[in-house]
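Subject: The structure we talked about

Hi,

Here is the structure I promised to pass on. Have a look at it first, and then read on for what I found in it.

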Amino acid sequence: MNNAVPEAFNSHRLLLMYKGDISALTLFAQQAGGSVCFPQSLPALSVAFDEDATVTEGKITVHPATLVNAINRLLGFDNDLLYAEAGFKEYVDTPKGTVTVYMARFKLLDPPHRLMQALGCQMRTLPELRGRPPAEMELLRRAYTKMMEG
């Protein structure tokens with residue numbers, strides 16, 4: 001990653017995913033350290049809120065497009081490589097407070113394997129990601145469900 005992590009990511013994360021329009025192949029980006037959250041992993045002991053939970057904290061939320069633009073800059077991507085996936089917004093309870101997780105989707109015909117490998121990351125299927133911390137597994141499950149229903 002090129003620069004310091006923007007402050008907005010103190011309380012926000014992104015899942016980066018690819019879904020083939022024809023095959024429905026769904027892949028999630030995984031950092032070298034194992035996390036599927038970008039640009040940094042969730043703190044230890046994080047727990048995903050229930051899907052129907054309403055989270056109202058007094059903090060200012062950041063629009064997902066702003067986060068996508070920031071991650072594009074951070075990873076050195078073209079501005080139109082990722083877009084915010086509408087309708088995906090999950091909350092995770094962490095020892096440092098609530099983190100809002102959005103999903104960004106690659107706008108590509110083919111999976112971005114080489115692009116992500118150049119950053120020390122991998123594109124993985126959901127079964128390949130088994131064994132991640134429970135909060136990440138729950139986020140992945142919800143993201144996968146959202147993509148298959150949408």
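Of the 150 residues of the protein, 45% count as buried. Please keep in mind that this is a predicted model.

**Overall picture**

The protein has 3 helices and 7 strands, and from the N terminus on these run β-β-β-β-α-β-β-α-β-α. Its C-alpha trace spans about 40 × 30 × 25 Å along the principal axes. A compact globule of 150 residues would have a radius of gyration near 15 Å, and the 14 Å found for the protein agrees with that. If you take the contacts between residues at least 6 apart in sequence, 73% of them join residues at least 24 apart. The exposed surface comes to about 8,000 Å², with carbon and sulfur atoms supplying 50% of it.

**Strand E2 and its neighbours**

I would start with strand E2, residues 26-30. How many of the residues of E2 are buried? The count is 5 of 5, so the strand is largely enclosed by the rest of the structure. Thr26, Phe28 and Gln30 point one way from E2, while Leu27 and Ala29 point the other way.

E2 has pairings with two strands that I can point you to. With E1 it pairs in the antiparallel sense over 3 bridges, and Met17 has Phe28 as its bridge partner in E2. With strand E7 (residues 122-124) E2 also pairs antiparallel, over 3 bridges; here the partner of Ala29 is Met123.

E1 and E2 form a hairpin with 6 residues between them. Ala24 sits in that turn and has a positive phi of about 65° although it is not a glycine. Ala24 is partly exposed, with a relative accessible area of 35%.

**The E5-E6 hairpin**

Strand E5 (residues 82-94) is joined to strand E4 (residues 47-48) by 2 bridges, and these two strands run antiparallel. Val47 has Asp93 as its bridge partner in E5. E5 also pairs with strand E6 (residues 97-106), again in the antiparallel sense, over 9 bridges. Val92 is matched with Val99 in E6. E5 and E6 form a hairpin with 2 residues between them.

**Helix H1**

Helix H1 covers residues 64-75. At 1.5 Å a residue, its 12 residues should span 16 Å, and the end C-alpha atoms are indeed 16 Å apart. Its buried residues are Pro64, Leu67, Val68, Ala70, Ile71, Asn72, Leu74 and Leu75. What covers them includes strands E1 (12-19) and E3 (37-38), together with E5 and E6.

After H1 comes Gly76, with a positive phi near 75°, in the loop between H1 and E5. Is Gly76 buried or exposed? Gly76 is exposed, at a relative accessible area of 52%. Its C-alpha atom lies 9.5 Å from that of Leu119, although the two are 43 residues apart along the chain.

**The nonpolar cores**

The largest nonpolar core has 23 residues, and those touching the most other members are Leu14, Leu16, Phe38, Ile71, Leu82, Phe106 and Met116. E1, E2, H1 and E6 each supply at least two residues of this core. Which element gives the most to it? That is H1, with 6 residues.

Leu82 is a good place to zoom in. Leaving out residues up to four places away in sequence, Leu82 touches Leu16, Val68, Ile71, Asn72, Phe77, Ala104, Arg105, Phe106 and Lys107. Apart from this core lies another, of 17 residues, among them Leu15, Val36, Ala143 and Met147.

**The loop between E3 and E4**

Two details in this loop deserve a look. The peptide bond from Phe38 to Pro39 is cis, with omega near 0°, and Pro39 lies in the loop between E3 and E4. Leu45 is found in that loop too. Its phi is near 70°, a positive value in a residue other than glycine. Leu45 counts as exposed, at 75% relative accessibility.

Happy to go through any of this with you.

Best wishes

Definitions and conventions
Residues numbered from 1 in each chain as written. Predicted model: local features only at pLDDT ≥ 70, side-chain atom pairs only at ≥ 80, totals over all residues. Heavy atoms only, no water. Pairing = 2+ DSSP bridges. Helix = DSSP H or I, 4+ residues; strand = E, 2+ residues; numbered from the N terminus. Expected span 1.5 Å × (residues − 1). Buried < 20%, exposed > 50% of the residue type's maximum accessible area, 1.4 Å probe, protein only. Contact = heavy atoms within 4.5 Å. Core = buried A, V, L, I, M, F, W, Y, C linked by side-chain atoms within 4.5 Å. Rg over C-alpha atoms; globule rule 2.2 N^0.38 Å. Areas by Shrake-Rupley, 256 points an atom, 1.4 Å probe, with all protein chains shown as cover.
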